[in-house]
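Subject: The two-chain model

Hi,

Here is the structure I promised to pass on. Have a look at it first, then read my notes underneath.

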There are 2 protein chains.
Amino acid sequence: MDQKDKNTEASRPSGDAYGESDFFDPRLARKEKMRGAHIGDQHIRVKRSEDFTSVSPGFFQATAKAVTPRDWIGRARYRLKGILIGAPLTTERESHERLTKLKALAVFGSDAISSCAYATEETLLVLVVAGNAALGISFFTALAVAILLSIIAFSYRQTIHAYPQGGGSYSVSRENLGQLAGLVAAAALLIDYVLTVSVSIAAGAAAVTSAIIASGFAQQIDALEHALPPNLNFNVLLSLFFVGLITLGNLRGIREAGSIFAIPTYLFIGSLTLMIGIGLFKTFTGTLAPVEAPPLLKIAEPVSYWLILRAFSAGAVAMSGTEAISNGVPAFQKPESKNAAATLTVMATLLSAFFLGISFLATHMGLAPGEETIMSQIARAVFGTGWLYYIFQIATMGILVIAANTAFADFPRLGSILARDDYAPHQFAYRGDRLAFSTGILALGVIGALLIVLFAGDVSRLIHLYAVGVFLAFTMSNAGMVVHWWKTRGENWQTSILVNGVGAVLTFIVLVIVAVTKFALGAWIIIIAIPLIVGVFLFIHQHYARVDAALVRRAARRVPTKLKIRVLVILPAVNYATERALAFARSISPNIAAVTVTFDRATGERVHRELQALDPAIPHIVLEDPYRDFYEPLKRYVETLQARDADAYITIVIPEFLVRHWWERLLHNTAAQTLNRLFQKHENVAVVNVPFQL
Amino acid sequence: MDQKDKNTEASRPSGDAYGESDFFDPRLARKEKMRGAHIGDQHIRVKRSEDFTSVSPGFFQATAKAVTPRDWIGRARYRLKGILIGAPLTTERESHERLTKLKALAVFGSDAISSCAYATEETLLVLVVAGNAALGISFFTALAVAILLSIIAFSYRQTIHAYPQGGGSYSVSRENLGQLAGLVAAAALLIDYVLTVSVSIAAGAAAVTSAIIASGFAQQIDALEHALPPNLNFNVLLSLFFVGLITLGNLRGIREAGSIFAIPTYLFIGSLTLMIGIGLFKTFTGTLAPVEAPPLLKIAEPVSYWLILRAFSAGAVAMSGTEAISNGVPAFQKPESKNAAATLTVMATLLSAFFLGISFLATHMGLAPGEETIMSQIARAVFGTGWLYYIFQIATMGILVIAANTAFADFPRLGSILARDDYAPHQFAYRGDRLAFSTGILALGVIGALLIVLFAGDVSRLIHLYAVGVFLAFTMSNAGMVVHWWKTRGENWQTSILVNGVGAVLTFIVLVIVAVTKFALGAWIIIIAIPLIVGVFLFIHQHYARVDAALVRRAARRVPTKLKIRVLVILPAVNYATERALAFARSISPNIAAVTVTFDRATGERVHRELQALDPAIPHIVLEDPYRDFYEPLKRYVETLQARDADAYITIVIPEFLVRHWWERLLHNTAAQTLNRLFQKHENVAVVNVPFQL
């Protein structure tokens, strides 16, 4: 025993008041069971435990050894978990990597930038009903989106400077507009993150499927899909694989590994720039033509304002993910705000350029959406079906999967903030083995996967749900900023209010357009879901508040130092197991009685005789139940005792057989469990199992 | 308080040695909660409890009130159960109705007599491959079966006289041939009972289906079956309905209600006698002809000994159920054995006559099995498709369903005997609310229904499994009787041995024939199942023996009067809930300590300060786990304590939140449950939840 241990014992009250001093140090020599020997027998080896290290008197820290299970099932589970998500990390190992602008663009920008992979396609899908000529409108809706994006980006730059600690819509709205606004923003954001996962992954899978179809494997995919249930097509299978992969990766805690994300992001940026560059060059030299002639579309509907608004709404999804940078300001290298703002500008510029470029090329070639994605069609026209095309498709898939990963960083983080504020179950605030918010990650993975299966991995159907949440969050955030500037009224506050005010008004208008045009297509689901989710938030909040209030209200009552304990020993027979239960009862209270519930009188009398022989002083109550129900009469008896003596704390002691195997449990009564359940709602009744191992 | 109650108090040791005397009488005034008031508050009404009546000092008997749940979920469940199976009955209400021969024939004879409803059909199904001429052989196989039946019946008459307490194959074999033989017979019988249910019910349903087809609804049934999954045809649905009905009826305890059974049984006997009578008359007057001309069969296989043996095996199923009367001797009116023997003779005579009659008519008309049953074809030829035909079909269905009911009386009874002998889980010996062996009834219903679904309600496929068990039980029983006569050697023992010896040899020969001819058709399943079931019996027996041995071995060890209790209070925070847990701990032992498992040091230190403020004398151990695992470090700590002090009984006290609704549980940790599970296999550790109601 070293000096420190001696302190431990010396500085604490010992056996005099309560207990014995050797409660204290779990590091003191512990005896290890020898193979086959029982504790208490002689064959025991004395060994110093390595499970804990001493921190200060009475404080011990668990070592990695202490969290490694020792039984083989536990160990097997622990190892499997180790293989899947890695060995547990200590809390202090949380990394606080600061991101360079280059890495930050990959981590926070991939969500927004990746949107251009499907935004053009979605616009064209709306316009397709008005015939080939109408497809040209898509370029102009892209232009409108790009202008809107620059305004939003500009307004978010202000948020970044005002909230260097990270200004998500939830905190900005909650701080400036109140609880309800904050919760509405939070609901919108959570929905958004889920849809980011579903849409990005499904679009990423579509890029792979397109490449496979382009390589001439269309028939094989068809055959495979015929063998699968209706909602599980090739795309869905691929998507579920990706969702599983990202979920596992995030449970491992890859959250901030910027370097891994940089590769596909910059590969995409590079190859897309190359494609648009070559495409524009070929356009001007007049050599750009689609691989297959675009189909001749039937004009089902004339071009109308409604159609143009719908096309705009479809294109507006390109702006999803713009908020991510403003959430992540603290992760930037110093000066955080300046670097974040610069990254935001670069991101918005790239996204606008890409969206416009793709829309121009698609319009110029007269492409129409079909089995193959628009991006894939352009890439084949520009690169041919060579290695450049495949690299481009892989990069597209890569950035889309990375975009989903952004949601996997944001959803659990927002969930943990909501849990800390008592709006979500507290489990969302617990960090798992690898320091990640496991509950949030798993929830996102499961809901995202479910949506993909429900919508059969169809990006176009999923995307209808998307934009409402995005623009609701934008509006709340900008409106919150307006209030913020009004409250603080610092330097140039008028300009700031103007910028965020314009942002708020514009995003609100887009919100209305999006909600109206997409209402019947699925946006109604979101419009119903947001208030429902807010309701759940408030409900949970109320529950936790009730618990706290109850604890405070009760704390005002004096808790007696000791309770009046009455012990009832359930005595089905007198044997070794019940003798131990009686010994336990005698040890915890002088106030004990044995209760035998019997279905026939003879048994009751036999048990009584046997108990008399063992210890005639123990009061014995026999409850004979001619209806052969063990539990209800016992419950009645306990309730009667309770009603007669409200101060008594009734402790029911049950001798419990412990069996080695689950199937052995089928051969015995499980009275202990049932009694636990039976008295589950009785406040002054405790149930103790005194186990007896065979 | 009346005189008796005073005795109660006077005659028992009271407060001096243990506890207080008011443990004693649960009938003493109990306080009822007023609406909205808490126990312990003033708003309490004093009321005399009606849950118990006093039997003798310390002995109380529960009234019907005590077994009626008081919470609304419990009450709703209780009421539903009441509607389905009736109100609970007291043990003393077990009826011991003695049956007249007339009723006994219905109760115990229906199984055997009903066999003639499908035995002819099964014989014809075998012969059908050899063309129309071969069908005539069926009469001769029926004759062979009838002769065999009379020999078996004769040998069973001897068993009835030798075992007036009921001589089932299990008890006769076990007593005379040893444990293993008894278990083999028991396994054969259990299989038999299950098959009786499946085959009889499926055949009963087939009678109804035939009647419906005969009424011209074939198309509607076809349409319905197209809409159902492959194994759920019309017959199966009807069968499942009947199985459910009989299961419920038996749970209600209709077991011995002879009168109910008499109606369909005698309706069947009467109408079948009428049919055979009119049939024979028409045969001799030459006016009997099938409604549809019998199909011209293709000769696929010549008539061979093998085919004849197979036809005989198929007909031999008619003998199933012959044993039932010898099982039920004690239920007969006095003189039991004589009446039972007389009933057996009548039963065997009727069955032989019916089987021969049906076979003769079928052969004479040249009927071949098809969609419609042979019985239905004969009945239509004899009665025409009038009301007599329908009555006959309903009677057929009725007796088949009643036959299944015989199995529902026998299977649970045998199950309870096996459970009493420690060969089956003890649950099989418990009587349910209505005094029936509920576990056995439910098990039989479920397995029977499962077999019907698995075999798509096809009587012919099910029946292949049937005869092996029947003849194995016959052989065991007769062989057992031979040994019995040899052991006792009373009057005329030589004759008795001869009779049972001939029975044993004949049934053994038939057993071999049946096993060989039906082996590939399904009998192999039974030949595998019997040793497996016997294995399970022995396994269970060994387990119970091990438990008893352990209790005896341990009983030899001295159990100390008191245990050394060490209490650990889990203290996540200091609040009302944990203060109560501490008070509980102080009340049960002087040897206590508080343990805080924490993931960060600050929390540990805060809890320590708060505990110091509350009660500085309580030793406090803080286990900080940087890996954020609550349970493993706690387990390690407890194991260390245990290893250091093998005599200590460690009691872990957990403050447990009690929530009102299941969904609220999602918002809290369920540490109590997990700890219970965690220390489930630790013999010297008890876990106590000190509940705290919100």
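Let's start with a strand pairing that crosses from one chain to the other. Strand β4 of chain A (residues 59–62) and strand β7 of chain B (residues 620–624) run parallel, and three bridges join them. If you want one spot to click on, try A:F59, which sits opposite B:V622 in β7(B). Do keep in mind that this is a predicted model.

Now stay with β4, but switch to the copy in chain B. Which strand does β4(B) pair with inside its own chain? That would be β3 (residues 52–56), with four bridges to β4 (residues 59–62) in the antiparallel sense. One of the matches is B:F52, whose bridge partner in β4(B) is B:A62. The hairpin these strands make has two residues between them, and B:G58 there takes a positive phi near 80°.

Next, the interface as a whole. How many residues of chain B are in contact with chain A? There are 142 of them, and they touch 142 residues of chain A. Between them the chains bury about 12700 Å², and 57% of that is on carbon and sulfur atoms. Helix α23 of chain B (residues 631–644) gives the largest share of the side of chain B that touches chain A, with 11 residues. Sorted by class, that side of chain B has 74 nonpolar, 29 polar and 39 charged residues.

With charged residues on the list, you might go looking for salt bridges. The rule finds zero of them across the interface of chain B and chain A. It does find eight residue pairs in polar contact there, counting pairs with both residues at pLDDT 80 or more.

How do the two copies sit relative to each other? In general, two copies of a chain are related by a rotation about an axis and a shift along it. Here, a rotation of 180° with 0.0 Å of shift along its axis puts chain B on chain A, with an RMSD of 0.0 Å. The copies are therefore related as by a two-fold rotation axis. To find that axis on screen, go to B:I588: of the residues of chain B, its C-alpha comes closest, at 2.1 Å. And 100% of the interface residues of chain B are interface residues in chain A too, so the copies meet through the same surface.

Last, some backbone oddities. Most peptide bonds are trans, and most residues other than glycine have a negative phi. The bond from A:K334 to A:P335 is cis, with omega near -10°, and A:P335 is in the loop between α12 (324–327) and α13 (336–365) of chain A. In chain B, the bond from B:K334 to B:P335 is cis, again with omega near -10°. Finally, A:R489 is not a glycine but has a positive phi of about 40°; look for A:R489 in the loop between α18 (466–488) and α19 (493–556) of chain A.

Cheers

Conventions: Residues numbered from 1 in each chain as written. Chains lettered and ligands numbered in written order. Predicted model: local features only at pLDDT ≥ 70, side-chain atom pairs only at ≥ 80, totals over all residues. Heavy atoms only, no water. Contact = heavy atoms within 4.5 Å. Buried area = accessible area lost by both parts, 1.4 Å probe. Salt bridge = Lys/Arg side-chain N within 4 Å of Asp/Glu carboxyl O. Polar contact = N/O pair within 3.5 Å; in protein donor to acceptor, adjacent residues only side chain to side chain. Nonpolar A, V, L, I, M, F, W, Y, C, P; charged D, E, K, R; others polar. Pairing = 2+ DSSP bridges. Least-squares fit on C-alpha atoms with pLDDT ≥ 70 in both.
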